[in-house]
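Open the model in your viewer and keep the sequence panel in sight. This tour tells you what to select at each stop and what is found there.

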Amino acid sequence: MGQSQSQPESQSQTHITDLPNEVVSGIFQFLPPKDMKSAVLVCKSWSEIGENPNLWTWALVTVHSKEDLHKLKISRIQMVQEIEVTHRSHGKEQWYKGMWWGWWGNRELSKKEFPVECNWIKEGGLADLFQVISEITSVRRIRGLEYCVGISDLEPDLVVSVLNSLEELKLSRGGKMMRTSDKKTWLEREMVLSKEQLELLFTATAEQTNLKYLEVSGQPHVKEVSPELYAAALSNVEVVRLEGHYQVEDHTEKQMEALFATIAVEDRPIRKLTNYLDTKANMDPDLLSRAFNRLEEVTTFMFGSGEQVTAILRRLVDGDSRLKRLMMEELDPDIVQNLDQNLVRRAEEKVGEFYTIEDPNLLYALA
């Protein structure tokens, strides 16, 4: 019987602490957030490796007051992408009622997590907040910024340097509301810019921007922006949402015509438009048709005329259209009744149901 080969008395083993720092750092990049937080507590060496900002880009940094500003000075989060500046409730969800197209509605709107405090409103410090954020060039999202009052008083260049670097921006006044910590006061969104800030932001956005989503509502100075600048800025953002405000005369017809003309003839980044403004019945149907059909998604509210709707649908079904989704909310029943039903059917075959009908019995009253 042959003798079995003898096993080596010892095998060479490499302990994880013997690995080069570059290898450990590479391993850390695959750790989920919870494990990453634990790993930097294991030993001094791992803690030092964990200071690499590339390992913490996923982190959400909460900066709810001036006392929290020191967090943004920590070396490991100098490449963080998201900051929260408004304290929110802990997972609590409720049905709430609020503003709907400028009138008080008695319909339950949506189920949202309530923010419950915005300390920047009562203690100031917004200038310090913006200055610190401007030094972290990786920030792309700021949660709750639209509830912070007083931004219009800040230095325009500072405001624009922060806002134009974001991927999502809600220049909104009114609409969704938040409750303060005493649960007695409701706060509307108050992201209002001064004339100089707004023009400077639109100029920067028209030239080069990180913005992928832009919402504009209730800006008292937007009507003072030239139609050309208005169109150049908005068409340079992929997703745009426009809303009116019951207390503010904002977007003008000439601005809207310039925006549609730019979309119709130029190959711009904008691909999705939600327009809850009053689209005038005298706006050129052919212009609207060409603009709408160069976008991928369009949502409108209380659209203008049957001629405009027909022109849009004809280009959709017969022309070279990019539209994947079209929704005309609250169309006048007379417009719908007078549409070519064969055209409607062909349009629905391409994009599905594309309209809702205005309800004349819907009452808007304070609930």
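The stops below go from the whole chain to a few strands, helices and single residues.

**Whole chain**

Start with everything shown as a cartoon, and keep in mind that this is a predicted model. The secondary structure comes to 13 helices and 15 strands. Now colour by burial: of the 367 residues in the chain, 45% are buried. Take the contacts between residues at least 6 apart in sequence; 72% of them join residues at least 24 apart.

**A three-strand sheet**

Select β1 (60-62), β2 (residues 82-84) and β7 (141-143). They form an open sheet in the order β1-β2-β7, with parallel pairing. The edge strands are β1 and β7, each of which pairs on one side only. On average, neighbouring strands of this sheet are turned by 20° against each other, direction ignored.

Strands of a sheet pair through backbone hydrogen bonds, in either the parallel or the antiparallel sense. Between β1 and β2 there are three bridges. To find one of them, select L60 and its bridge partner in β2, E82.

**Strands β12, β13 and β14**

Next select β12 (residues 272-276), β13 (297-301) and β14 (residues 325-331). β12 and β13 pair in the parallel sense over four bridges, and one pair to show is K272 with its partner E297 in β13. On to the next pairing: β13 and β14 run parallel and are joined by five bridges. Here T299 stands opposite M327 in β14.

How many of the five residues of β13 are buried? Four of them are, so β13 is largely enclosed by the rest of the structure.

**Two residues of β12**

Stay in β12 and show the side chain of T274. Its relative accessibility is 8%, and T274 counts as buried because the cut-off for that is under 20%. Leaving out residues up to four places away in sequence, T274 touches V240, R241, L242 and T299.

Then move to N275 in the same strand, β12. N275 is also buried, at a relative accessible area of 2%. Beyond residues up to four places away in sequence, N275 touches L242, M256, F260, T299, T300 and F301. Draw a distance between the C-alpha atoms of N275 and T300: they are separated by 4.8 Å, although the two residues are 25 apart along the chain.

**M328 in β14**

Select M328, which lies in β14. Is M328 buried or exposed? M328 is buried, with a relative accessible area of 0%. Apart from neighbours within four places in sequence, M328 is in contact with T300, V309, I312, F354, Y355 and T356. The C-alpha atoms of M328 and F303 are 6.7 Å apart, with their positions 25 residues apart along the chain.

**Helix α11**

Now select α11 (residues 306-318), a helix of 13 residues. From its first C-alpha to its last, α11 reaches 18 Å, close to the 18 Å expected at 1.5 Å a residue.

Colour its buried residues, which are Q308, V309, I312, L313, L316 and V317. Turn the view until you look down the axis of α11: these buried residues fall within an arc of 150°, so they line one face of the helix. An α-helix has 3.6 residues a turn, so residues three or four places apart point the same way. On the face of α11 turned away from the buried side, show the exposed residues E307 and D318.

What covers the buried residues of α11? The cover includes α10 (285-292), β14, α12 (333-337) and α13 (341-351).

**Helix α10**

Go on to α10, which is mostly covered, with six of its eight residues buried. Those are P285, L287, L288, S289, A291 and F292. Their cover includes α9, β13, α11 and β14.

**The cores**

End with the largest nonpolar core, which has 83 residues. Select L72, F130, L163, L242 and L326, the residues with the most contacts inside this core. Helix α9 (residues 253-265) gives the most to it, with six residues.

Zoom in on L326. Not counting residues up to four places away in sequence, L326 touches F292, V298, I312, L313, V351, E353 and F354. Another core, of nine residues, lies apart from the largest one; F28, A39, L55 and W56 are among its members.

Note on methods. Residues are numbered from 1 along each chain as its sequence is written. This is a predicted model: local features need pLDDT of at least 70, side-chain atom pairs count only at pLDDT 80 or more; totals for chains, interfaces and linings use all residues. Side-chain values use heavy atoms; hydrogens and water are left out. A nonpolar core is a set of buried Ala, Val, Leu, Ile, Met, Phe, Trp, Tyr and Cys residues joined through side-chain atoms within 4.5 Å. Buried means under 20% relative accessible area, exposed over 50%, partly exposed in between (1.4 Å probe, protein chains only). Helices (H or I, at least four residues) and strands (E, at least two) are DSSP runs, numbered from the N terminus. Contact means heavy atoms within 4.5 Å. Two strands pair if DSSP finds at least two bridges between them. Axes are lines fitted to C-alpha atoms, for helices over the stretch in contact, and angles run from 0 to 180 degrees between N-to-C directions. The expected span of a helix is 1.5 Å times one less than its number of residues. The arc is that of the directions from the helix axis to the C-beta atoms.
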